[in-house]
Amino acid sequence: MNNNNETTPIYKRVLALAGLVILVGLIIAFLCVALFGGPDSKDLFMGLAGAIVAVPIMLWLLLWGLSAVTGRHNIASLDAGSSNKQHDKFGNVIPDGKIDTVVFDIGNVLTDFAWNDFLVAKGYDKAMIERIAKATVESDDWVEYDKGNLTNDEIIARFVENDPEIGDQLQDAFANIDGIILKRDKTIPWIRSLKAAGYKVLYLSNFSRQALEGCPEAMAFLDETDGGILSYRDHVVKPYPEIYHLLEERYNLTPAKTVFIDDTAVNIEAAINLGWKGIVYKDYDQTASELKALGVNY
């Protein structure tokens, strides 16, 4: 049952008609052979009988496979109980609950922000890593990466100002930050499950161009989402209201129907103050449980 106002795409109607014509043709040929065929047509008769059974099964398996791979509902999806539900233009079930959009932070939610391992791999000992961290990822200047207003050299210069004695190490460590973000295996299946259940899935993250370009494998999940905001592109960061309002406007969100998942409490508090629902991410199971409590089922 599809309750949206959009018509079925022409290519889908053509494919459906072609499949129907093939099946009807097989049935007619089968009946003709059964009624008028002679003793020599036994093999043809059995072949047609097998084709009549095999073709629908193969088509069904093909459709089921496409549904499983793309996460989009079709007639072969294993969700027969959704026939009385509303569906979006892709055939996905539109959720009955109050939430229709799930927004994710990225670092330490959909990926690992692995700055410690990143520095270990560069050969620094524990004491030096702690010192580098205070001058960089733990400093107020780290947000300059995410704002996207300064060059990499300008950002590193600020780090050096925080601890001039280790200027050479800071420049070496952050000449590039390839590999500072690591993929999580649960991320893409999680996004696909939510989308298959009919939810819009977006991202909202303080994120730098350097991290995006330097960690393509970890960031491959972006193509699975319905869009979102990386702070460096719009030069706004969390927890300031501007970035939340920008996401609302860009994707036509209803705050009360939107839930935001972030590992930083202050970012969730900002979202809640704007009328969103919010979950402070600790781990996948805890977050899945809180989503369920909000009526988000997938």
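**Exercise 1. Decide whether Ala133 is buried or exposed in this predicted model, and find which residues it contacts beyond its sequence neighbours.**

*Solution.* Begin with the accessibility: the relative accessible area of Ala133 is 1%, and since buried means under 20%, Ala133 counts as buried. Next, place the residue, which belongs to helix H4. Once its neighbours within four places in sequence are set aside, Ala133 is in contact with Trp115, Glu138 and Ser139. Finally, consider Leu170, which lies 37 residues from Ala133 along the chain, with 9.6 Å between the two C-alpha atoms.

**Exercise 2. Determine which residues of helix H4 are buried, how they are arranged about the axis, and what they pack against.**

*Solution.* First list the buried residues of H4, which spans residues 126–135: they are Met128, Ile129, Ile132, Ala133 and Ala135. Viewed down the axis of H4, these buried residues fall within an arc of 165 degrees, and they therefore line one face of the helix. A general property of helices is useful here: an α-helix has 3.6 residues a turn, so residues three or four places apart point the same way. The next step is to look at the face turned away from the buried side, where the exposed residues Lys126, Ala127 and Lys134 are found. Lastly, the packing partners of the buried residues of H4 are helix H3 (115–121), helix H6 (152–162) and helix H7 (167–173).

**Exercise 3. Describe the ring pairs made by Phe174, giving their geometry and the parts of the chain that they link.**

*Solution.* Start from the count of aromatic pairs, which comes to 12. In the pair of Trp142 and Phe174, the ring centres are 5.9 Å apart and the planes stand at 70 degrees; because planes over 60 degrees apart count as edge-to-face, this pair is edge-to-face. The pair links distant parts of the chain, with Trp142 in the loop between H4 and helix H5 (143–147) and Phe174 in the loop between H7 and strand E3 (181–183), 32 residues apart. As for accessibility, Trp142 counts as buried at 12%, and Phe174 is buried with a relative accessible area of 1%.

Turn next to Phe159 and Phe174, which form an edge-to-face pair with 5.6 Å centre to centre and 65 degrees between the planes. This pair also links distant parts of the chain, since Phe159 is in helix H6 and Phe174 in the loop between H7 and E3, 15 residues apart. Phe159 counts as buried, at 0% relative accessibility. To finish, ring pairs link Phe113, Phe118, Trp142, Tyr145, Phe159 and Phe174 into a cluster.

**Exercise 4. Work out how strand E1 is paired and which way its side chains point.**

*Solution.* Take the side chains first: from strand E1 (residues 101–104), Thr101 and Val103 point one way, Val102 and Phe104 point the other way, and all are buried. Then examine the pairing, in which E1 and strand E4 (residues 200–205) run in the parallel sense over 4 bridges, with Lys200 in E4 as the bridge partner of Thr101. E1 also pairs with E6 in the parallel sense over 4 bridges, and here Val103 stands opposite Phe260 in E6.

The chain that leads into E1 can be examined through Lys98, which lies in the loop between helix H2 (42–70) and E1. Lys98 counts as exposed at 67% relative accessibility, and beyond its neighbours within four places in sequence it is in contact with Ala256 and Lys257. The C-alpha atoms of Lys98 and Leu294 are separated by 7.8 Å, although the two residues are 196 residues apart along the chain.

**Exercise 5. Characterise helix H13 from its start to the residue that follows it, including what covers its buried residues.**

*Solution.* At the start of H13, a side-chain oxygen of Asp283 comes to within 3.1 Å of the backbone nitrogen of Asp285. Within the helix (residues 284–293), the buried residues are Gln286, Thr287, Ala288 and Leu291, and their cover includes helix H8 (187–196), strand E6 (258–262) and strand E7 (277–280). For Tyr284, the charged end of Lys186 sits over the ring, 4.5 Å from its centre. Gly295 follows H13 and has a positive phi, near 90 degrees.

Note on methods: Residues are numbered from 1 along each chain as its sequence is written. This is a predicted model: local features need pLDDT of at least 70, side-chain atom pairs count only at pLDDT 80 or more; totals for chains, interfaces and linings use all residues. Side-chain values use heavy atoms; hydrogens and water are left out. Buried means under 20% relative accessible area, exposed over 50%, partly exposed in between (1.4 Å probe, protein chains only). Helices (H or I, at least four residues) and strands (E, at least two) are DSSP runs, numbered from the N terminus. The arc is that of the directions from the helix axis to the C-beta atoms. Contact means heavy atoms within 4.5 Å. A polar contact is a pair of N or O atoms within 3.5 Å; within protein, one must be able to donate a hydrogen and the other to accept it, and residues adjacent in sequence count only if both atoms are side-chain atoms. Two strands pair if DSSP finds at least two bridges between them. Rings of Phe, Tyr and Trp (its six-membered ring) pair if their centres lie within 6.5 Å; planes under 30 degrees apart count as stacked, over 60 as edge-to-face and the rest as tilted. A charge sits over a ring if NZ of Lys or CZ of Arg is within 6 Å of the ring centre and within 35 degrees of the ring normal.
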